[in-house]
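User: Please take a close look at one loop with an unusual backbone angle, then walk me out from there into the rest of the fold. I work at the bench, so please explain the terms as you go.

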Amino acid sequence: FKYDAIVRRIEERIDAKFDCQECDSVWAAERLILGFGALSSNDSYMLNHLYRRDQIPCPRTFLLEPADKEFLKPTSWASILGRRFKLTLVSELSGTKVASAEFVFTREWIKWVKPLTKLASIALTGLAVPVDGAMATEFKESASLLDKMSAMPEGQHRILTGPAGQRHDNNIRVPRESLTNFSKFLEAIGLNPRDHGMDLAPAPDDRWLWMSPDEVPVYSPQEAATL
């Protein structure tokens, strides 16, 4: 059973019990929580880590730019079909660049990337560790492009609904299915984050973020970092 679900039922005083099909028993939330309490701190961390990795299968922050520097003003998603772009994975904590790859947009990949553009745009301007100088300028430019792409029509005659310039708060969420598809896309272009040493770890503000290889051991137990 998921730890968060057990805690929620206790906090909200929900009387419904958990039915375990494997042991053919019914468990109260208060009794199940005792099992979690008996875990060592490292075991508890690893359990939480596995759960978070299932919920956040890939980084939600990245840089995106046209490989052809002359193509700087896309007007619709149809206009970028067949165009070569460059995507760079960055730490969600500090913005540290980890790995880059160039790819050509296909129709399927457009569907997989589009839902993440608004979230990535906001994330680039709200990193846990602020950036400055040339990096800040680069991130601002990429965030601007991603923000524009998030509002682009899908084709010449189909316009997305919603008022122009609509703002989203920093807690914007995307469906887990969209994160799963984006994870598949990263794998397809050779940017599986774990292959490049990235992993999830809790930041000082308790948010679980995908971090660079150098940051992972600083914010997580070594045993969990090697899962």
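Analyst: Asp 206 counts as exposed, because its relative accessibility is 64%; exposed means over 50% relative accessible area, buried means under 20%, and partly exposed lies in between, with a 1.4 Å probe and protein chains only. This is a predicted model, in which local features need pLDDT of at least 70 and side-chain atom pairs count only at pLDDT 80 or more, while totals for chains, interfaces and linings use all residues. Residues are numbered from 1 along each chain as its sequence is written, and side-chain values use heavy atoms, with hydrogens and water left out.

The loop that holds Asp 206 runs between strand 6 (199–202) and strand 7. Helices (H or I, at least four residues) and strands (E, at least two) are DSSP runs, numbered from the N terminus. What catches the eye is the backbone: Asp 206 has a positive phi of about 75°, although it is not a glycine. Most residues other than glycine have a negative phi.

Just past this loop comes Trp 208, in strand 7 (residues 208–211). In contrast to exposed Asp 206, Trp 208 counts as buried because its relative accessibility is 8%. Beyond the neighbours within four places in sequence, Trp 208 has contacts (heavy atoms within 4.5 Å) with a set of residues including Tyr 45, Asn 48, His 49, Arg 52, Glu 92 and Leu 200. Arg 52 lies 156 residues away from Trp 208 in sequence, yet their C-alpha atoms are 7.4 Å apart.

That kind of long-range link fits the chain as a whole: among its contacts with a separation of 6 or more, 63% are between residues 24 or more positions apart. The protein chain has 10 helices and 7 strands, and 41% of its 227 residues count as buried. Its accessible surface is about 13,300 Å², with 49% belonging to carbon and sulfur atoms; these areas come from the Shrake-Rupley method with a 1.4 Å probe, and for residues only the protein chains shown count as cover.

Next, the strands. Strand 4 (residues 84–90) is largely enclosed by the rest of the structure, because 5 of its 7 residues are buried. Strand 4 runs antiparallel to strand 3, with 5 bridges between them; two strands pair if DSSP finds at least two bridges between them. Within that pairing, Phe 62 stands opposite Leu 89 in strand 4. Strand 4 is also antiparallel to strand 5 (residues 97–104), this time with 7 bridges, and Lys 86 has Glu 102 in strand 5 as its bridge partner. The hairpin of strands 4 and 5 has 6 residues between the strands, and there Gly 95 takes a positive phi near 85°.

Aromatic rings add another set of links, with 8 aromatic pairs in the structure. In the pair of Phe 85 and Phe 105, the ring centres are 5.2 Å apart and the planes are at 70°, so the pair is edge-to-face. Rings of Phe, Tyr and Trp (its six-membered ring) pair if their centres lie within 6.5 Å; planes under 30 degrees apart count as stacked, over 60 as edge-to-face and the rest as tilted. Phe 85 is in strand 4 and Phe 105 is in the loop between strand 5 and helix 5, 20 residues apart; both Phe 85 and Phe 105 are buried. Ring pairs also join Phe 85 and Phe 105 into a cluster whose members include Phe 62, Trp 77, Trp 109 and Phe 182.

Finally, two helices. Helix 6 (residues 117–124) is largely enclosed by the rest of the structure, because 8 of its 8 residues are buried. Those buried residues pack against strand 3 (62–66), helix 4 (77–80), helix 5 (107–113) and helix 7.

Helix 7 itself has 18 residues and spans 26 Å from first to last C-alpha, close to the 26 Å expected at 1.5 Å a residue; the expected span is 1.5 Å times one less than the number of residues. The buried residues of helix 7 are Phe 139, Ser 142, Ala 143, Leu 145, Leu 146, Met 149 and Ser 150. They cover an arc of only 165° around the axis, which puts them on the same side of helix 7; the arc is that of the directions from the helix axis to the C-beta atoms. Ala 134, Lys 140 and Glu 141 are exposed on the other side. The buried residues of helix 7 pack against strand 3, helix 4, strand 4 and helix 6.
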